[in-house]
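Here are a few short exercises to work through with the model open beside you. Try each task before reading its solution.

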Amino acid sequence: MRSLLAPLIVTLALAALCCGEKDPKDLLGSSSADSIKIKKEVANTFVKRQKRSSLYEWYYEYYKSPMEQMHERCENYPPCDYLSDQIGFSMAYNRFFGRY
């Protein structure tokens, strides 16, 4: 325990020195809103949108499967959601909405 205490105190002292070097006249820091903004072209160089490689991926990104739609229907109805936790999804869905 003592072997960890000395490096911790040294690290905290160095951190206090580094953070305490700010100019007291500059209360908001040296960065203003103008210095944070970057051009759109520069931002696009490192933030790239993932491209869809096929029509299949595009379709399934926007449309849900029938089973997923049934799960959401059951989750949105509190009695079905509660019962699905107790006896399982298929039996709860059949009880409230009929066969699937």
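Let's begin with Lys 64, bearing in mind that this is a predicted model.

**Exercise 1.** Classify Lys 64 and Glu 72 by exposure, then work out how their side chains meet.

*Solution.* Start with the cut-offs: buried is under 20% relative accessible area and exposed is over 50%, with partly exposed in between. Lys 64 has 41%, so the residue is partly exposed. Glu 72, at 29%, is partly exposed too. Next, look at the distance from N to O between the two side chains, which is 3.0 Å. The limit for a salt bridge is 4 Å, and Lys 64 and Glu 72 do form one. The count for the model comes to 1 salt bridge.

**Exercise 2.** Find the partner of Cys 74 and describe the link.

*Solution.* First, check the sulfur atoms: those of Cys 74 and Cys 80 lie 2.0 Å apart. The cut-off is 2.5 Å, and the pair forms a disulfide. The structure holds 1 disulfide. Then read the angle about the S-S bond: at -95 degrees, the link of Cys 74 and Cys 80 is left-handed. Finally, apply the 20% cut-off for burial. Cys 74 has a relative accessibility of 1%, so this residue is buried. Cys 80 is buried as well, at 0%.

**Exercise 3.** Describe the chain as a whole: which secondary structure elements does it have, and what share of its residues is buried?

*Solution.* Begin with the elements: there are 7 helices and 0 strands, giving the pattern α-α-α-α-α-α-α along the sequence. Of the 100 residues, 8% are buried. To finish, take the accessible surface of about 9600 Å², where carbon and sulfur atoms contribute 59%.

Technical notes:
Residues are numbered from 1 along each chain as its sequence is written. This is a predicted model: local features need pLDDT of at least 70, side-chain atom pairs count only at pLDDT 80 or more; totals for chains, interfaces and linings use all residues. Side-chain values use heavy atoms; hydrogens and water are left out. Buried means under 20% relative accessible area, exposed over 50%, partly exposed in between (1.4 Å probe, protein chains only). Helices (H or I, at least four residues) and strands (E, at least two) are DSSP runs, numbered from the N terminus. Accessible areas come from the Shrake-Rupley method with a 1.4 Å probe; for residues, only the protein chains shown count as cover.
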